[in-house]
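Me: I am in my first year and still learning to read protein models. Could you take one part of the one below and go through it slowly, with its surroundings?

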Amino acid sequence: MWGELIQEIRVAQTGVQILFGFLLTVVFTPRYADLQDVDQVIYIVTVVLGACATGALIGPVSLHRLVSGRRVKPQAVRVASRLTFVGLLLLLATMTSSLLLILRVATHDAFVPWLVASVVAWYGLCWFVLPLWTRRRYTTD
């Protein structure tokens, strides 16, 4: 189970690190000063969420390194799995706030919250609903 978990984390880590790296550069662009106050707040929240998601998704690697050889692999897998799940929730929040910020800056239309909500619903379906349905449907007693 540890190997599978690490492979899953690699995929999520790459995405969150690229997104986080991009977010860190935004504040240094000339356009940042022109953002409305609410957009700057959304940006700050997004960066903090990205930092937290990065921490949660890198946490299992550190956990593995620090407990390796201590014969606590089942416990480490449980803790790492929980950290990964928290990381995915934080990644969802980061992507949501990033999308909100980008669409608010790109267009000031009233449909932006609806569009963001639709994308979040899609993420929820792909990341949580379908996996939970599959687990329930195909898990034997």
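Reply: Let us begin with phenylalanine 128, which touches Phe85, Leu89, Leu92 and Tyr123 once residues up to four places away in sequence are left aside. Please keep in mind throughout that this is a predicted model.

Phenylalanine 128 is found in helix H4, and its relative accessibility is 16%. Because buried means under 20% relative accessible area, phenylalanine 128 counts as buried at that value. A useful contrast in position is glycine 69, which lies 59 residues from phenylalanine 128 in sequence and 33 Å from it in space, taken from C-alpha to C-alpha.

One of the residues that phenylalanine 128 touches, Leu92, leads us on to helix H3, since Leu92 is listed among the buried residues of that helix. Helix H3 runs over residues 73-106, which makes 34 residues, and it reaches 47 Å from its first C-alpha to its last, close to the 50 Å expected at 1.5 Å a residue. The buried residues of H3 include Ala76, Val77 and Ala80, then Thr84 and Gly87, and further along Leu91, Leu101 and Leu103. What covers the buried residues of H3 includes helix H1 (2-26), H2 and helix H4 (112-138).

The H2 side of this picture can be followed through threonine 46, which is found in helix H2, residues 37-67. Threonine 46 counts as buried because its relative accessibility is 0%. Leaving out residues up to four places away in sequence, threonine 46 touches Leu23, Thr94, Ser97 and Ser98, and Thr94, Ser97 and Ser98 are among the buried residues of H3.

It helps to set these details against the whole protein. Its secondary structure comes to four helices and zero strands, so that from the N terminus on the elements run α-α-α-α. The C-alpha trace spans about 55 × 35 × 15 Å along its principal axes. Of the 141 residues, 33% count as buried, and phenylalanine 128 and threonine 46 are counted as buried too. Among contacts between residues at least 6 apart in sequence, 75% join residues at least 24 apart.

Finally, the accessible surface comes to about 9500 Å², of which 67% belongs to carbon and sulfur atoms, while the mean positions of the 12 positive and 7 negative charges are 19 Å apart.

Conventions: Residues numbered from 1 in each chain as written. Predicted model: local features only at pLDDT ≥ 70, side-chain atom pairs only at ≥ 80, totals over all residues. Heavy atoms only, no water. Helix = DSSP H or I, 4+ residues; strand = E, 2+ residues; numbered from the N terminus. Buried < 20%, exposed > 50% of the residue type's maximum accessible area, 1.4 Å probe, protein only. Contact = heavy atoms within 4.5 Å. Areas by Shrake-Rupley, 256 points an atom, 1.4 Å probe, with all protein chains shown as cover. Lys, Arg positive; Asp, Glu negative; His and termini not counted. Charge placed at Lys NZ, Arg CZ, Asp CG, Glu CD. Expected span 1.5 Å × (residues − 1).
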